[in-house]
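The following exercises concern the structure shown below. Each task is followed by a solution worked in steps.

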Amino acid sequence: TLLGATLLAALYAVAPLNAQAQGPRNFATLAMVAEPQTLDPMASTADLVGTIMQHVYETLYTFDAKWNVVPMLAEGMPKISADGKTYAIALRKGVMLHSGRELTADDMVASLQRWMDQSPRGKAGGKEIDSLKAKGPLAVEIVLKEPYAPLLSQLALPSGMAAIMAKESIASPLKDFVGTGPYKFKERRPDQFVLLTRFDKYAARKEPASGYGGKREAAIEELRFVPVPNASTRVE
């Protein structure tokens, strides 16, 4: 299976390639509407950027097939204080970054701080946050100024996303794309392709796949996203 609703249309192009693949490698060439303006998932709310980079980065929460918010990197739904201002979030144990080490609360805090500084969505949500801090190796606390119902939905959006990344990779502009997703970044050649390869140490959730949520499986070893602006050529 592929990862999310944004790639369902591409299945028609992927399936024949996958079925005909010979030898130990299988791959898919995906014709995209344009060259992505950036690969930084926080710098743009464009669907094209999210479509590619949601394979590399994941969020604390995401949406299931019925558009309910469900946990992804978070262990479960947050514990919310009675006044609606404090969110206690536990991370899943054993989630590996593409760099080879385990994801920690420090990565999450650094990532969300960058999201609030860089992303248009994050800037809006950040205005409602009073404090953000790690409460242990795999726990984070978010304290709001006032109750703010859209918080989890904003953390779950796949565009302008609150992508969780290795803290040591965080920079402006972003040069190293180190996430937790089922694919890792390999190469970009502007106006030619973006190449992603399967991450063999990916830690999938146990729940059945549903929308963007549940178990994700990288069934195809290599994804090559190619800009093809002409619609007729894309169909071919």
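## Exercises on a predicted model

Of the 236 residues in the protein, 47% are buried. The coordinates belong to a predicted model, and the exercises proceed from the overall fold to single residues.

### Exercise 1. Overall architecture

Task: State how many helices and strands the protein has, and what percentage of the contacts between residues at least 6 apart in sequence join residues at least 24 apart.

Solution.
- Step 1. The secondary structure comprises 6 helices and 10 strands.
- Step 2. Taking contacts between residues at least 6 apart in sequence, 64% join residues at least 24 apart.
- Step 3. The accessible surface adds a further descriptor: it amounts to about 11300 Å², and carbon and sulfur atoms account for 53% of it.

### Exercise 2. The nonpolar core

Task: Determine which residues have the most contacts inside the largest nonpolar core, and which helix gives the most to this core.

Solution.
- Step 1. The largest nonpolar core contains 56 residues, and Tyr57, Leu60, Leu112 and Ile142 have the most contacts inside it.
- Step 2. The helix that gives the most to this core is α3 (residues 105-118), with 6 residues.
- Step 3. Leu60 may be examined individually. Apart from neighbours within four places in sequence, Leu60 contacts Pro71, Met72, Leu73, Ala74, Ile89, Leu91, Met108, Leu112 and Ile164.
- Step 4. Helix α3 also holds Ala110. With a relative accessibility of 25%, Ala110 is partly exposed, because the buried class requires a value under 20%.
- Step 5. Beyond neighbours within four places in sequence, Ala110 is in contact with Lys167 and Ile170. The C-alpha atoms of Ala110 and Met165 are 8.3 Å apart, although 55 residues separate the two along the chain.

### Exercise 3. Aromatic groupings

Task: Classify the geometry of the aromatic pair formed by Phe63 and Trp67, and decide whether each partner is buried or exposed.

Solution.
- Step 1. The whole structure yields 3 aromatic pairs. In the pair of Phe63 and Trp67, the centres are 5.4 Å apart and the planes make an angle of 55°.
- Step 2. Planes under 30 degrees apart count as stacked and those over 60 as edge-to-face, so an intermediate angle counts as tilted. The pair of Phe63 and Trp67 is accordingly tilted.
- Step 3. Phe63 is buried at 7% relative accessible area, whereas Trp67 is exposed at 56%.
- Step 4. Together with Tyr212, Phe63 and Trp67 form one aromatic cluster.
- Step 5. Another ring is approached by a charged side chain: Arg224 lies over the face of Phe193, at 4.4 Å from the ring centre.

### Exercise 4. Salt bridges

Task: Explain why the salt bridge between Asp40 and Arg114 ties together parts that are apart in sequence, and describe the accessibility of the partners in two other bridges, Arg198 with Asp200 and Arg205 with Glu207.

Solution.
- Step 1. The structure has 10 salt bridges. One of them joins the side chains of Asp40 and Arg114, at 2.6 Å from N to O.
- Step 2. Asp40 belongs to the loop between β1 (27-32) and α2 (47-53), and Arg114 to helix α3, so the pair links parts 74 residues apart in sequence. Both Asp40 and Arg114 are buried.
- Step 3. Arg198 and Asp200 form a salt bridge at 3.9 Å, N to O. Arg198 is partly exposed at 27% relative accessible area, and Asp200 is exposed at 69%.
- Step 4. In the salt bridge of Arg205 and Glu207, the N to O distance is 3.0 Å. Arg205 is buried, with 7% relative accessibility, while Glu207 is partly exposed, with 36%.
- Step 5. A network of salt bridges links Arg101, Asp107 and Glu168.

### Exercise 5. Backbone geometry

Task: Identify where Trp67, Asp191 and Pro173 lie, and describe the backbone feature found at each.

Solution.
- Step 1. Trp67 lies in the loop between β2 (61-63) and β3 (69-71). Its phi is near 65°, a positive value in a residue other than glycine.
- Step 2. Asp191, likewise not a glycine, has a positive phi of about 65°. Asp191 is located in the loop between β8 and β9 (193-198) and is exposed, at 61% relative accessibility.
- Step 3. Pro173 is part of the loop between α5 (151-156) and β8 (183-189). The peptide bond leading from Ser172 to Pro173 is cis, with omega near 0°.

Key
Residues are numbered from 1 along each chain as its sequence is written. This is a predicted model: local features need pLDDT of at least 70, side-chain atom pairs count only at pLDDT 80 or more; totals for chains, interfaces and linings use all residues. Side-chain values use heavy atoms; hydrogens and water are left out. Helices (H or I, at least four residues) and strands (E, at least two) are DSSP runs, numbered from the N terminus. Buried means under 20% relative accessible area, exposed over 50%, partly exposed in between (1.4 Å probe, protein chains only). Contact means heavy atoms within 4.5 Å. Accessible areas come from the Shrake-Rupley method with a 1.4 Å probe; for residues, only the protein chains shown count as cover. Rings of Phe, Tyr and Trp (its six-membered ring) pair if their centres lie within 6.5 Å; planes under 30 degrees apart count as stacked, over 60 as edge-to-face and the rest as tilted. A charge sits over a ring if NZ of Lys or CZ of Arg is within 6 Å of the ring centre and within 35 degrees of the ring normal. A nonpolar core is a set of buried Ala, Val, Leu, Ile, Met, Phe, Trp, Tyr and Cys residues joined through side-chain atoms within 4.5 Å. A salt bridge is a side-chain nitrogen of Lys or Arg within 4 Å of a carboxyl oxygen of Asp or Glu.
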